[in-house]
Every structure is written in structure tokens, then in C-alpha cells.
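Here are a few exercises to work through with the model on screen. Try each task before you read its solution.

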Amino acid sequence: MAAVALRSCRRGLSHILSNGGPAALSSQRLEGARRHKSTVQYASRPDLPKLAYRRVKGKSPGVLFLPGYASNMNGQKAEALEEFCRSLGHSYLRFDYTGHGASEGVLSEGTIGTWKKDVLYVLDELVEGPQIMVGSSLGGWLMLLAAIARPEKTAALVGISTAADHIVTVYNSLSLEARKEFEEKGAWTLPTKHPEEGLYDFNMDFLKEAENHCVLQSPIPITCPVRLIHGLKDEDVPWHISMQVAERILSADVDVILRRQGQHRMSERDDIKLMVYTIDDLIDKLTTMV
């Protein structure tokens with residue numbers, strides 16, 4: 001069983017600040033990230049939708065950001081990470097899954113398998129060398145699937161509100177009567193905690209396909225360093241999912257970082273600082289090991 005450590009992530013902060021680091025992610029630096037964003041590029045794939053991505057070239061290990069469901073690569077966490085990686089000279093890539101953001105495709109036609117293939121394509125074709133994958137919500141589930149499939153391309157993992165198996169787990173927790181009703185309708189409508197996003201509609205084929213990608217029923221064959229950050233006030237994805245992931249991962253280097261006031265999006269300034277400091281610690285660890 002993986003060792004689980006609960007920590008406040010103070011290790012390494014003095015080193016970051018004394019060396020300029022991300023300058024404590026000041027408002028000026030965050031604004032600078034928006035002013036000097038990387039250019040959107042498009043990856044053409046035979047018989048598959050084009051993927052939109054932004055890339056900053058630099059040294060290894062690179063950082064790869066995986067957004068959440070119905071989200072995109074232009075969120076606060078993704079942009080702050082680009083500025084951080086640029087400041088340290090490390091490579092960074094963020095992208096939109098099929099049917100998300102600026103990528104081609106239709107969101108409602110995507111599946112967990114579709115988006116897993118997107119991540120694997122990025123790992124195989126768009127980045128060089130092992131990556132620190134940073135997955136937010138659904139992206140946390142996808143980073144686990146990608147790490148299992150491409151261990152040689154995975155240097156470390158950082159999950160933010162990791163939603164491993166979450167859609168399947170919630171659906172299976174419904175009463176038999178409710179599930180029968182949704183199966184007759186052919187779709188399951190899931191309300192969100194964020195009114196601007198409306199309702200999420202999942203068809204039965206999506207749910208059945210998602211079951212093929214569940215990871216929490218057995219040991220997870222991942223041996224790299226793993227950090228899982230989760231808010232105790234997350235109303236979308238319960239924090240205990242990150243604990244379950246940590247318990248099942250085979251790696252001996254697993255930390256769970258719980259934020260008492262943290263919510264699902266983890267996009268408050270202190271949340272983003274914690275994410276950046278965690279990645280900085282991993283970069284130090286990985287480069288020291290080389």
C-alpha cells in the first residue's frame with residue numbers, strides 16, 4: 001500500500017522565494033502571464049479531430065496540464081503554470097481535449113477513452129521526455145490512465161481535485177429506480193454546483209464506456225512521485241477520492257495535501273501558489289535524482 005503523508009507543503013518555500021521563483025505569484029506576474037501567452041497551435045491527426053494547444057519550449061522535466069471536463073486550457077491554473085514554467089526555463093504544454101475549447105469535435109460525442117487518446121497523443125507526439133502531469137478534476141483521472149499507459153513518459157503526477165472514477169461512482173450510487181428511469185430516457189442529467197455551466201448530460205453509452213477506465217477497484221501500477229491536492233469544501237468531487245487514489249497507487253512517494261477552505265476549482269490565489277510550490281518541489285526532487 002502506498003504511503004500517504006498529510007502535509008502543509010512548506011518544504012522548499014524559502015528556496016523558491018530566495019531564488020525569485022514565481023515571485024510569489026504576484027498580481028503583476030499573473031497579468032504578465034496573460035499578456036505574454038504562448039500562441040495557439042493545432043495538431044492534425046489522421047481521421048481524428050485537430051487538437052488545440054499552447055506550448056513553451058524549455059528544459060526537462062516538462063510540465064503538461066490536463067484540464068477538467070467541459071473546461072479548457074485558458075483557466076487560471078493553466079495560465080499561472082505557464083508563467084511559472086517560463087520563469088524557470090522548463091517546457092510546458094496545455095491543450096484542449098476533443099470537443100473542448102478550441103479543439104475540433106463535439107463535447108457530447110466524447111468519451112473517457114477519447115480523451116485518454118488525446119493525452120497519449122500529446123505525450124507521444126507533442127512533448128519531449130518525461131513530464132510532470134498536472135491533472136485537474138477529470139484531468140486527474142486522465143493523468144492516471146496516461147501514466148499507466150506511458151510510464152516512460154511520466155516523471156511525476158500532481159492531481160488537483162482528482163475525479164478518478166467519479167462519474168461512474170456517482171451514477172452507480174443512484175437507486176435502481178432512478179437508474180432504470182435514466183436508462184429508459186437514454187441519458188443522465190447531472191446538475192453542477194456552478195450555475196454558469198448549466199447541466200451535464202451523459203448518455204448511457206458514455207457511462208458504459210467510462211466503466212472500462214475505472215482505476216479504484218485494484219492496485220494502480222504507478223511508481224513515480226505523486227502529489228494529490230484536494231479541498232475539504234469540494235462539493236463536486238469528494239476529497240476522499242484523492243485518499244482512495246493514494247491508497248491504491250503502488251508508488252512509495254505519495255503525498256495528499258488537504259486544504260481546509262479549498263473548493264473544487266482550487267483557483268484562489270493561495271490554491272495556485274500551493275500548486276506551483278508543489279510542482280517546484282517535484283522539479284527539485286527530480287533534477288536532484290538525475
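A salt bridge here is a side-chain nitrogen of Lys or Arg within 4 Å of a carboxyl oxygen of Asp or Glu. Keep in mind that this is a predicted model.

**Exercise 1.** Work out what the salt bridge between Asp124 and Arg150 ties together.

Solution.
- Start with the distance: the two side chains meet at 2.9 Å, N to O, and the cut-off is 4 Å.
- Next, place the partners. Asp124 sits in helix α4 (residues 112-126), while Arg150 is in the loop between α5 (138-149) and β7 (154-160), so the bridge links parts 26 residues apart in sequence.
- Finally, check the cover: Asp124 is partly exposed, at 36% relative accessible area.

**Exercise 2.** Find out which residues share a salt-bridge network with Asp253.

Solution.
- Begin with one pair: Asp253 bridges to Arg227, with their closest N and O atoms 3.0 Å apart.
- Now locate them. Asp253 is in the loop between α9 (240-248) and β11 (254-259) and Arg227 is in strand β10 (residues 226-231), so this pair also ties together parts 26 residues apart in sequence.
- Both Asp253 and Arg227 are buried.
- Follow the shared partners, and Arg227, Asp253, Asp255 and Lys285 join into one network.

**Exercise 3.** Decide how far apart Glu82 and Arg86 are along their helix.

Solution.
- Their side chains form a salt bridge too, at 2.9 Å, N to O.
- Both belong to helix α3 (residues 76-88), and being four residues apart puts about one helical turn between them.
- Glu82 is buried at 2% relative accessible area, whereas Arg86 is partly exposed at 38%.

Technical notes:
Residues are numbered from 1 along each chain as its sequence is written. This is a predicted model: local features need pLDDT of at least 70, side-chain atom pairs count only at pLDDT 80 or more; totals for chains, interfaces and linings use all residues. Side-chain values use heavy atoms; hydrogens and water are left out. Helices (H or I, at least four residues) and strands (E, at least two) are DSSP runs, numbered from the N terminus. Buried means under 20% relative accessible area, exposed over 50%, partly exposed in between (1.4 Å probe, protein chains only).
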